[in-house]
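Please look over the sequence and the model below, and then read the report that follows, which moves from charged pairs to the interior and on to the surface.

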Amino acid sequence: MSKPSLARGTRDFGPEQMAKRTFIFDTIRRSFQRYGFLPLETPAFENLSVLMGKYGEEGDQLLFKLLNSGDFSGKLTDSDWKEGYKPLTTKISEKGLRYDLTVPFARYVVMNRGTLAMPFKRYQIQPVWRADRPQKGRYREFYQCDADVVGTDSLLCEAEIVMLLHDILPALGINNFTVKINNRKILTGIADMIGAHGMEGPLCVAIDKLDKIGKDKVVEELLERGFASDSIDKLEPIFSLSADEDPFTELKSWLAESEVALKGIQELEEVWAMVKVLGLENAKIEFDVTLARGLSYYTGAIFEVKANHVQIGSISGGGRYDNLTGTFGVPGISGVGISLGVDRIYDVMEELNLFPESQKTSTKVMISNFDEEAFTYGLSILPKFRKAGINSEIYPDSVKLKKQLDYADRKSIPFVILIGSDEMQSGLLTLKNMKTGEQEKLKTEDIITLLTREDQ
C-alpha cells in the first residue's frame with residue numbers, strides 16, 4: 001500500500017487553524033457586506049478560452065489545465081503528438097482551474113450585464129490555483145478575498161477602499177499598518193518627463209527597490225536597463241520627495257509640464273479630501289511615488305497595504321482598471337478593486353499573537369457519561385445547551401472519568417458537567433472549570449446563564 005501524501009504546494013488545515021481562518025474570513029465578510037458589496041461565487045474551473053491570454057505568457061504556463069474526460073486522445077493523429085506540448089494542450093484540454101478571481105468576475109459581468117444593477121459591487125472569497133514552483137509563503141492552492149466596484153469612474157470607490165481597509169484590519173487586531181497609494185498616471189507622467197516615454201515598467205521595477213537597495217544601486221540598475229544618464233538626473237526629486245502631510249505640492253511643481261501626471265495628482269487629492277469628509281481620523285494613508293503593483297493592469301489609483309514591524313510583505317493590494325471587460329468584447333467598463341491576502345494576514349496575526357482566545361475552542365461544555373442512567377439524563381439536557389447557542393457535546397462511551405477529562409483537555413473544552421446519582425436526585429449538576437479545577441453545583445438553567453455570560 002502506498003503511504004498517503006499531500007500534493008506539492010497544498011496544505012491541510014486542522015481544526016485549530018480552521019477556527020483562526022474562519023475568524024479572518026468572517027471578519028472580512030462582515031465588513032464587505034457593511035459597505036454594500038454583494039457575494040458572488042464562480043466555478044472552480046473555467047473554459048480555457050476564458051482564461052488564456054489574460055495573464056501574459058507566464059500566466060498561461062501557470063494555469064492548471066484539466067484533461068478532457070473520456071478518451072481525450074482518441075482523435076489525435078501522429079502529427080498532433082509531434083507538434084509540441086502547446087498546440088497539443090488545446091486539443092486534449094478545454095478547461096482549466098481559475099488562476100485568480102478577477103477574470104471569472106469579468107466574464108460574469110459580461111454575461112450578466114443586462115440584469116446587474118450598475119455600479120455593481122461584489123465580493124468573492126474562494127480558492128485559486130497556480131502551477132507555480134512551491135516555496136515558503138507561495139502555494140499552488142490559496143484563497144483570495146476580493147472586493148470590486150465596476151461601472152463607475154467615481155473616486156468615491158477609491159476613498160471607500162481606504163475606509164474598508166481601516167475597518168477590516170483593526171477588527172482583526174492589526175492596528176499598526178500603512179495604506180500606500182500611488183496613481184498610474186503619475187508614473188506615466190514621470191516617464192514622459194524624463195524622456196523615457198512608455199518605459200514606466202522598467203522604471204518602476206527599479207525605483208520600487210529604493211527602500212531595499214538605496215539610491216546608488218537604483219541608479220545603477222536604471223543604467224543597465226537602458227535609461228540615459230540625463231534622464232536619470234531628472235529623476236532626482238523622486239529620491240527626496242517627503243511623505244509628509246502634504247506630499248503633493250512638491251510633486252505638482254516638479255511635474256507641472258505633464259498633463260497626465262497632474263490629472264493623477266488631482267485624483268489622489270480628491271481621494272484624500274473625501275477620506276477626511278468620511279470622518280476617518282488619523283488615516284494611515286501614505287503617498288508613495290515608487291509604488292507600481294502590476295503596472296500593465298492598472299490605469300488609475302494603486303493600493304498596497306503593509307503591516308508595520310513584521311517581516312511579511314504586503315497583506316493587501318489593488319487599484320483602478322479601466323477596461324476589465326474589454327478582453328471579452330465589451331470595452332469601457334471601469335472598475336476598482338482590492339484583494340486581501342488571507343495567508344499573509346494569518347501569518348501577521350500569528351506573529352503578533354492577535355487571535356482571540358475563544359477562537360481556539362469549538363466545544364464550550366462537555367457532559368460526562370458515567371453509566372446508562374446518567375447518559376440518558378445527560379441526553380435529556382444536552383439540547384437545552386444547544387438551543388441556547390452554546391457549543392456542547394456528551395462523551396459517547398461510559399469509561400473512566402480520567403479518560404473523559406483528558407479528552408476535554410485535549411480539545412480545550414473549558415467546562416465539563418459531571419452527572420452522578422446525587423446530581424440526578426437533586427437536579428443540581430456539578431460544573432467543573434477545566435482551567436481552574438474549581439467545581440460548583442448548579443441547576444441546568446443557571447449553568448446556561450453562566451456560560452452564555454462567559455461568551456459576552
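## Salt bridges, cores and a surface patch

In this predicted model, the side chains of Asp167 and Arg34 meet in a salt bridge, with 2.7 Å from N to O. Asp167 belongs to helix 7 and Arg34 to helix 1 (residues 15-34), so the pair ties together parts that are 133 residues apart in sequence. Asp167 counts as partly exposed because its relative accessibility is 22%, whereas Arg34, at 54% relative accessibility, counts as exposed.

A search of the whole structure finds 21 salt bridges, and the table lists some of them.

| Pair | N to O distance |
|---|---|
| Asp167 and Arg34 | 2.7 Å |
| Glu236 and Lys215 | 2.9 Å |
| Lys441 and Glu423 | 3.1 Å |

With Glu236 in helix 12 (residues 236-240) and Lys215 in helix 10 (residues 210-224), their salt bridge ties together parts that are 21 residues apart in sequence. Glu236 is partly exposed at 38% relative accessibility, and Lys215 is also partly exposed, with a relative accessible area of 35%.

The salt bridge between Lys441 and Glu423 ties together strand 16 (residues 439-442), where Lys441 lies, and helix 18 (residues 421-426), where Glu423 lies, parts that are 18 residues apart in sequence. Lys441 counts as partly exposed at 48% relative accessibility, but Glu423 is buried, because its relative accessible area is 9% and buried means under 20%. Elsewhere, a network of salt bridges links Arg11, Arg21 and Asp343.

Turning to the interior, the largest nonpolar core has 74 residues, of which Phe32 and Leu251 touch the most other members. Helix 7 (residues 156-171) supplies the largest share of this core, namely nine residues. Apart from this core lies another one of 19 residues, including Phe415, Ile419, Ile447 and Leu451. When residues up to four places away in sequence are not counted, Phe32 touches Phe37, Tyr123, Cys145, Asp146, Ala147, Leu164, Ile168 and Leu340.

A polar residue is also found buried: Asn182, in strand 7 (residues 177-183), counts as buried because its relative accessibility is 0%. A polar atom of the Asn182 side chain lies 2.9 Å from the backbone oxygen of Leu291. Leaving aside neighbours within four places in sequence, Asn182 is in contact with several residues, among them Leu187, Leu268, Phe287, Asp288 and Leu291.

On the surface, Leu67, Phe72 and Trp81 make a nonpolar patch of about 300 Å². Trp81 lies in helix 4 (residues 78-82) and, at 45% relative accessibility, counts as partly exposed.

Methods. Residues numbered from 1 in each chain as written. Predicted model: local features only at pLDDT ≥ 70, side-chain atom pairs only at ≥ 80, totals over all residues. Heavy atoms only, no water. Helix = DSSP H or I, 4+ residues; strand = E, 2+ residues; numbered from the N terminus. Buried < 20%, exposed > 50% of the residue type's maximum accessible area, 1.4 Å probe, protein only. Polar contact = N/O pair within 3.5 Å; in protein donor to acceptor, adjacent residues only side chain to side chain. Contact = heavy atoms within 4.5 Å. Core = buried A, V, L, I, M, F, W, Y, C linked by side-chain atoms within 4.5 Å. Patch = residues over 30% accessible without salt bridge, like charges linked within 9 Å, V, L, I, M, F, W, Y side chains within 5 Å. Areas by Shrake-Rupley, 256 points an atom, 1.4 Å probe, with all protein chains shown as cover. Salt bridge = Lys/Arg side-chain N within 4 Å of Asp/Glu carboxyl O.
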